[in-house]
Amino acid sequence: MENQQRIISTWQLTSILISSMIGVGILTIPRSSTTDLHQMGWLGTISGALIAAIGIMAIVYLGKQFPGTTYIDYIPKVFGHHVGSVLSYPIILLFITFQFFNAGMAARGFGEVVITSVLQDTPLEAILITLFVMVLFLCCHEVEVVARVNELLIPFILIPVFLIPLASFMNAEWYNLMPIHIDSWKQAGKTTFNTFSVYTGYELLMFYFAFAMPGAKLGVASWTGLIYTFIAYFLTVIAGITVFGYEELQRLIWPTLELVKTTQQTGWFLERLESAFLAIWVASVFTTIGNMYYAMIFSLRLWFRKGIRFQRICALVITIPLYYFTLMPQNIVEMFTYMKKLTVYGCLPTIFIPVLLAVTQWIRVKLGSRHEKSKKGGT
């Protein structure tokens, strides 16, 4: 189903990208990035962003090569219709299942934060059902609604994400960043791999680029979104290390929430500032999960070449196994174990597949141009 209704602007693409990448990971990245690299954990945010940049570069190239089409449409074209028709099935299935698992674990992380920090007497199931009902309502509409929701909520996401780390620097002990030394490059690679996982979400551009209006600047939207996200993660990690030190960070489940509490002690007029922060953070998680789930459901709609009614039925039906998958981890330790496994699984749809598609298409273009030149030379 090619030539989608192209209605998403450059800024809306940027909003979708930022909202998709900033989610539950913002609360844990100070701890996960310093587990192996210690005081040099901030380096993981840089190397993780560089890996994400490779994937984004490949996706932007594909978006420009196939305007108005999703990955479902252009995979057969990249590999050729005979080979591509066979390879497209496992690739599409890989993308869809990754969004399913990623949305499930993001929802579980959201639920764990809420019941441990704010609504301590509320069952986890009630939190998850409320979240899934909101996401389900979003999936009952066309993609224009998703773009507008992201555009509307992005200011509320960006302001606290930058404000909290900057305010935390008032309590910073800058010597916690010393010494600037890497003990093991193996640990640096492991940290890069773990930190890269918080940038996942950009692979959704393989879907949302198809709805970009003619003239929309795909590269500008992508690189702006990545830079904003990188700065947010980088400042959060720096703030966590300078305020707590890497040793203390390993004892905190949600270190960014603890940063919010230290900010509250600097004389701000609001009490329980972490509750206000979480209220805004809910919007970030909602858009993250909503963007993933919508891309998954709409991909099924395109795959089977159906209409909006099929999309709504799929959204309702798939919510049931998603809910039970979200409840599979028995505790928060198992949840983090699931997330680590998901990071390994996610390397295929987020890095390997986009780069493979982009390189294959680049080779096809080069060979095609050479063939045209040889035909002209022969005549």
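Where does H5 bend, and by about how many degrees? Keep that in mind as you click through this predicted model.

**Stop one: the long way along H5.** Select residues 81-117, which make up helix H5. There are 37 residues here, and the helix reaches 52 Å from its first C-alpha to its last, close to the 54 Å expected at 1.5 Å a residue. Now pick out Leu-87: H5 bends there by about 35°. Show Pro-90 too, a proline that follows within four residues of the bend.

**Stop two: the largest pocket.** Its volume is about 800 Å³. To get to the middle, select Thr-28, Asn-194, Ser-197, Met-339 and Thr-343, the closest to the centre among the 35 residues of the lining. Next, colour the helices H1 (10-21), H2 (25-32), H5 (81-117), H8 (185-196), H13 (273-303) and H15 (332-378), since each supplies at least two lining residues. H15 gives the largest share, with nine. Colour the lining by class and you get 16 nonpolar, 15 polar and four charged residues.

**Stop three: the second largest pocket.** This one has a volume of about 220 Å³. Select Phe-110, Val-114, Leu-119, Ile-127 and Val-282; of the 14 residues that line the pocket, these are the closest to its centre. Which helices should you show around it, each with at least two lining residues? Turn on H5, H6 (124-139) and H13. Colour this lining by class as well: twelve residues are nonpolar, two are polar and none is charged.

**Last look.** Go back to H5 and show both pockets: the helix supplies at least two residues to the lining of the largest pocket, and at least two to that of the second largest.

Key:
Residues are numbered from 1 along each chain as its sequence is written. This is a predicted model: local features need pLDDT of at least 70, side-chain atom pairs count only at pLDDT 80 or more; totals for chains, interfaces and linings use all residues. Side-chain values use heavy atoms; hydrogens and water are left out. On a 1 Å grid over the protein atoms alone, a cavity is a set of points where a 1.4 Å probe fits but cannot get out, and a pocket is an open set with protein on both sides within 12 Å along at least five of seven lines; lining residues have an atom within 4 Å of a point. Grid points are joined across faces, edges and corners, and a volume is the space filled by probe spheres set on the points. Ala, Val, Leu, Ile, Met, Phe, Trp, Tyr, Cys and Pro count as nonpolar, Asp, Glu, Lys and Arg as charged, and the others, Gly among them, as polar. The expected span of a helix is 1.5 Å times one less than its number of residues. The bend at a residue is the angle between axes fitted to the seven residues ending there and the seven starting there.
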